[in-house]
Amino acid sequence: MRKTKKKAKAETRHRRQKSTEPQKLIAKLSPKSPHSELFRSVRTNIEFSSVDKVMKSILITSSEPDSGKSIICANLAVVFAQQGKKTLLIDADLRKPTVKKIFPGAASHGLTGILTNKITISEAICETDVEDLYVLPAGVVPPNPSELLGSEKMKQVYAELYELFDQIIFDTPPIQLVVDAQLLCSFVDGSILLVRSDHSSRENSKKALEKLQSGSAHVIGSIFNDQKMKMEGYYYAN
Ligand SMILES: Nc1ncnc2c1ncn2[C@@H]1O[C@H](COP(=O)(O)OP(=O)(O)O)[C@@H](O)[C@H]1O
Ligand SMILES: [Mg+2]
């Protein structure tokens with residue numbers, strides 16, 4: 001039977017997505033590249049950002065979508081794992097999940113399955129082809145993401161994961177649009193505001209920072225993405 005044009009187009013898009021998304025894991029594919037070196041320097045800055053507190057769990061958010069949160073979280077997770085730390089990347093963007101696209105081998109169920117008592121933590125966590133790196137995909141997109149992320153169950157799950165891993169990274173939705181990152185930032189060790197040049201206005205970044213602070217976040221710094229520097233890429237400041 002002949003495929004309709006629409007179906008063929010959708011399949012091509014799907015194939016393209018499958019084959020290009022993993023390419024964005026530069027820290028895995030080109031560990032000696034200057035960009036991977038930048039991710040390692042962000043890792044070092046995170047580790048030394050607080051003298052009193054170990055930055056075992058961090059959250060990255062931004063004021064708006066498409067700032068590079070997901071891709072930066074994934075690459076950071078790779079460099080933490082490459083250091084020999086048992087690392088977990090959690091897709092807490094339950095509205096626009098991306099971890100499953102970056103790690104196509106991960107299962108379709110995930111965090112929402114745990115929070116709705118459909119699966120256990122160990123059933124939901126997926127191994128990756130990077131040694132010491134595990135991912136917890138978002139799972140089925142729920143109708144009530146903020147309710148799930150702000151629940152007592154989420155706190156219990158977080159406490160269990162905190163014991164199981166050396167490093168946890170939360171990928172979250174934009175803090176200006178929804179309350180989810182604000183809910184999570186109160187219990188992670190440190191929060192980072194991502195600012196992408198030409199995407200994030202100074203005003204919006206300021207408001208995003210205020211939201212993190214009003215959520216009782218321990219803000220440890222900012223990552224400036226896509227800066228037009230001598231070498232384009234990522235830059236960390238605190
Ligand atoms: N520094 C960069 N240079 C080029 N493309 C980038 C850069 N940062 C992010 N992107 C691209 O922008 C898009 C959105 O990134 P993503 O990580 O999904 O953003 P968010 O999670 O903030 O919505 C992706 O296609 C990603 O590859
Ligand atoms: Mg994202």
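Helices here are DSSP runs of H or I with at least four residues, strands are runs of E with at least two, and both are numbered from the N terminus. We're working on a predicted model, where local features need pLDDT of at least 70, side-chain atom pairs count only at pLDDT 80 or more, and totals for chains, interfaces and linings use all residues. Residues are numbered from 1 along each chain as its sequence is written, chains are lettered from A and ligands numbered from 1 in the order in which they are written, and side-chain values use heavy atoms, with hydrogens and water left out.

**Exercise 1.** Find where the salt bridge partners lysine 155 and glutamate 152 sit, and say how exposed each one is.

*Solution.* Start with the pair itself: the two side chains meet at 3.6 Å, N to O. That passes the test for a salt bridge (a side-chain nitrogen of Lys or Arg within 4 Å of a carboxyl oxygen of Asp or Glu). Next, location: both belong to helix H9 (residues 152–164), three residues apart, about one turn of the helix. Finally, exposure, where buried means under 20% relative accessible area, exposed over 50%, and partly exposed in between (1.4 Å probe, protein chains only). Lysine 155 is partly exposed at 40%, and glutamate 152 is exposed at 53%.

**Exercise 2.** Work out which parts of the chain the aspartate 180–arginine 95 salt bridge ties together.

*Solution.* The whole structure holds seven salt bridges, and in this one the side chains meet at 2.9 Å, N to O. Aspartate 180 lies in helix H10 (residues 180–184) and arginine 95 in the loop between strand E2 (87–91) and helix H5 (99–102), so the bridge links parts 85 residues apart in sequence. Now check the cover: aspartate 180 is buried at 0%, while arginine 95 is partly exposed at 36%.

**Exercise 3.** Describe the shell around ligand 1 and its polar contacts.

*Solution.* First, collect residues with a heavy atom within 4 Å of the ligand; among them are Lys24, Pro65, Arg196 and Asp226. By class, the shell has two nonpolar, four polar and six charged residues. Helix H4 gives the largest share, three residues.

Then look for polar contacts (pairs of N or O atoms within 3.5 Å). Ligand oxygen atoms lie 3.0 Å from a backbone N or O atom of glycine 68, 2.9 Å from a side-chain N or O atom of serine 70, and 3.0 Å from a backbone N or O atom of isoleucine 71.

One last step: aspartate 226 and arginine 196 also form a salt bridge (2.9 Å, N to O). Aspartate 226 is in strand E7 and arginine 196 in strand E6 (residues 190–196), so they connect parts 30 residues apart in sequence.

Conventions: A polar contact is a pair of N or O atoms within 3.5 Å; within protein, one must be able to donate a hydrogen and the other to accept it, and residues adjacent in sequence count only if both atoms are side-chain atoms. Ala, Val, Leu, Ile, Met, Phe, Trp, Tyr, Cys and Pro count as nonpolar, Asp, Glu, Lys and Arg as charged, and the others, Gly among them, as polar.
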